[in-house]
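These entries record what I looked up in one protein structure. I kept them in the order in which I worked.

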Amino acid sequence: MDLYVISGVTGMTGNELSRKLVAGGHRVIGFDNFFASSITTVEDILENQWFSFYEFDINNREQMEMLRDMVREETEMGRFDRVVYINCAAVVHTEHFYHVNRTFETNVLGMKAFLEQAEAVGADTFINCSTSEVYSMNSWGEHGVAESDYITMANAEHSQRTSYATGKLLTEFFMKEAVMEGRIKGCSIRFANVYSKNERYPKHIIPHILIQLKEHGGVELLENSKVNYRTFLHNEDSCGAVIALIQAEDALDGSVYNVATDEEISILDLVKLCAEKLGIENPRITFNGYRESDPKRRLLNTDKIKARTDWRPHITLDQGIAMCVKEMAD
Ligand SMILES: NC(=O)c1ccc[n+]([C@@H]2O[C@H](COP(=O)([O-])OP(=O)(O)OC[C@H]3O[C@@H](n4cnc5c(N)ncnc54)[C@H](O)[C@@H]3O)[C@@H](O)[C@H]2O)c1
C-alpha cells in the first residue's frame with residue numbers, strides 16, 4: 001500500500017485522483033481550502049477508511065505542520081511501500097491569471113513549502129502540476145508545441161497574464177533542482193484545459209457554455225472566441241497521466257511532460273457540439289469583451305509522455321461533453 005498526500009484534493013484533478021487511488025487499495029490524505037471547489041466532489045469517498053480530508057490552506061503554516069506530523073505518524077508505523085506527494089492546489093482560472101498577487105502565494109510559495117515538506121518526511125516522489133500557459137503566445141506548431149521547444153514568454157509590457165505562467169515555470173525549476181540534487185524523485189506536468197463532468201465553475205469555458213445554453217438557449221462569448229481553437233482533456237485522462245508517470249520510475253527525472261489531447265476544436269464548434277448534446281438547434285451566440293494576450297491556438301505535442309509511459313487519452317470530446325450533459329440532467 002502507498003500513501004498519497006494530495007493538496008487541492010477537492011479540485012478537478014485531486015478528487016478524481018483520490019477516487020482512483022483508494023479504489024486501487026491506497027491510502028490518501030488530502031486537503032483543500034475550498035477556494036474553487038467544495039466537499040461535494042469527494043462525498044462518495046468521505047466514508048472510505050483509506051481517505052482522510054482536512055479543510056486546510058496550503059499557505060497556513062500551522063495547518064501544514066499538522067499535516068506533516070500526521071504523515072510522519074502514519075509513515076513511522078512502516079505500513080507504506082511508498083509516499084507520494086501530489087500538488088494540485090493552485091489559483092487556476094483565467095480570471096486570476098492577470099493578477100500577480102492572487103496567484104503567487106499559493107502557486108509558487110505554497111508549492112515550494114509543500115515540496116520541502118515532502119522532502120522532510122522522506123517522501124519518495126513529488127508530482128508538480130504546472131501548466132501549458134508557460135508556452136504563452138507560442139502555444140502551437142506544426143506538430144504541437146513540445147517540452148524541448150524554447151519558451152518565448154510575453155513580457156510585462158504585453159500582458160500581466162504571463163505572471164501566472166512565470167510562477168508555474170518557477171515551480172518546474174524547484175522540482176528539477178530537487179531531483180537533480182537527489183532529494184526526491186518527481187516531475188512537472190503541463191496540463192492544457194482540463195474539464196470534468198462535475199465542474200460547475202462557470203468561468204471555465206465548457207461549464208460556461210453548457211450552463212448558458214441550458215438556461216438561456218444561447219451563450220455570450222468573448223470576441224476572442226471568434227478565432228480561438230483549443231484542445232480539452234477530460235479529468236479522468238489527466239489523472240490517468242499522473243498515475244502513469246508515478247508508476248514509470250524512469251520518467252521521474254525532474255523534467256516536464258505535456259499532457260493534453262490533440263483533438264483541436266474551434267470555440268464556435270464547441271458551442272455547436274454542446275448545443276447538439278443538449279438538443280438545442282441553432283444556438284444564439286453573442287460576443288462581448290476581449291481578453292488580452294490570449295493565444296489563438298494551444299496545441300501540445302505529447303510524444304514525450306507517450307514514449308515514456310503507456311498513457312493515452314481515452315475520452316473523446318464528444319464523449320466527454322455527453323458525460324457533462326448527462327451529469328447536469330441527473
Ligand atoms: N484545469 C486546467 O485546465 C489546468 C490547466 C493547466 C494546469 N492545471 C493545474 O493542475 C492543477 C490542478 O488543477 P485543477 O484542474 O484540479 O484545478 P481546480 O481549480 O479544480 O483545483 C485546484 C484546487 O486547489 C484548491 N486551492 C486553491 N488555493 C488553495 C489553497 N491556498 N490551499 C488549499 N487548496 C487550495 C482549490 O480550492 C481547488 O479545489 C493545478 O496546479 C493547476 O494549476 C490545470
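Entry 1, the core. Which residues touch the most other members of the largest nonpolar core? I worked from a predicted model. In it, I found that Ile86, Phe126, Ile127, Ile189, Ile209, Val242 and Leu245 have the most fellow members around them, in a core of 82 residues. I then noted that helix α5, residues 162-180, supplies the largest share of this core, with six residues. I followed up valine 242: beyond its neighbours within four places in sequence, it is in contact with Leu17, Ile86, Ile127 and Ile189. Ile86, Ile127 and Ile189 also belong to the group of core residues that touch the most other members.

Entry 2, overall form. I counted ten helices and 13 strands in the protein. The C-alpha trace spans about 60 × 45 × 35 Å along its principal axes. I compared the radius of gyration with the globule rule: 330 residues would give a value near 20 Å for a compact globule, and the protein has 19 Å, which agrees. I recorded 45% of the 330 residues as buried. Of the contacts with a separation of 6 or more, 80% are between residues 24 or more positions apart.

Entry 3, the ligand. How many residues surround the ligand? I found 29, the closest being Gly8, Gly11, Ser37, Ala90 and Cys129. The elements that give two or more residues to this shell are α1 (12-23), α4 (100-120) and β5 (125-131). Among the contributors, α1 gives the most, with three residues. Sorted by class, the shell holds 13 nonpolar, 14 polar and two charged residues.

Entry 4, helices α1 and α7. I checked the length of α1 next: its twelve residues reach 17 Å from first to last C-alpha, close to the 16 Å expected at 1.5 Å a residue. Its buried residues are Met12, Thr13, Gly14, Asn15, Glu16, Leu17, Ser18 and Leu21. Leu17 had already come up as a contact of valine 242. After α1 comes glycine 25, with a positive phi near 90 degrees.

Helix α7, residues 235-247, has 13 residues and reaches 18 Å, close to the 18 Å expected at 1.5 Å a residue. I listed Asn235, Asp237, Ser238, Cys239, Gly240, Ala241, Val242, Leu245 and Ile246 as buried in α7. Two of these names, Val242 and Leu245, I had met in the core entry.

Entry 5, positive phi outside glycine. Most residues other than glycine have a negative phi. I therefore noted serine 136, which is not a glycine and has a positive phi of about 50 degrees. Serine 136 sits in the loop between β5 and α5, and it is buried because 21 other C-beta atoms lie within 10 Å. I also noted asparagine 193, likewise not a glycine, whose phi is positive at about 45 degrees. Asparagine 193 is in the loop between β6 (185-191) and β7 (194-195). Its 18 other C-beta atoms within 10 Å make asparagine 193 partly exposed.

Entry 6, serine 139. Is serine 139 buried or exposed? It counts as buried, because it has 20 C-beta neighbours inside 10 Å, and 20 is the number at which a residue begins to count as buried. I placed serine 139 in the loop between β5 and α5. Leaving aside neighbours within four places in sequence, serine 139 is in contact with Val145, Pro295, Arg297 and Arg298. From serine 139 to glutamate 157 I noted 18 residues in sequence and 19 Å in space, C-alpha to C-alpha.

Entry 7, serine 188. I located serine 188 in strand β6. It is buried, with 28 other C-beta atoms within 10 Å. Beyond its neighbours within four places in sequence, its contacts are Asn128, Ser130, Thr171, Glu172, Met175 and Val256. Phenylalanine 126 is 62 residues from serine 188 in sequence, and 8.7 Å separates the two in space, C-alpha to C-alpha.

Entry 8, alanine 329. I ended with alanine 329, in helix α10 (residues 317-329). With 8 C-beta neighbours inside 10 Å, alanine 329 counts as exposed. Leucine 278 is 51 residues from alanine 329 along the chain, and their C-alpha atoms are separated by 9.7 Å.

Note on methods:
Residues numbered from 1 in each chain as written. Predicted model: local features only at pLDDT ≥ 70, side-chain atom pairs only at ≥ 80, totals over all residues. Rg over C-alpha atoms; globule rule 2.2 N^0.38 Å. Buried ≥ 20, exposed ≤ 12 C-beta atoms within 10 Å, placed from the backbone. Contact = placed C-beta atoms within 7 Å. Core = buried A, V, L, I, M, F, W, Y, C linked by C-beta atoms within 7 Å. Near = placed C-beta within 6 Å. Nonpolar A, V, L, I, M, F, W, Y, C, P; charged D, E, K, R; others polar. Expected span 1.5 Å × (residues − 1).
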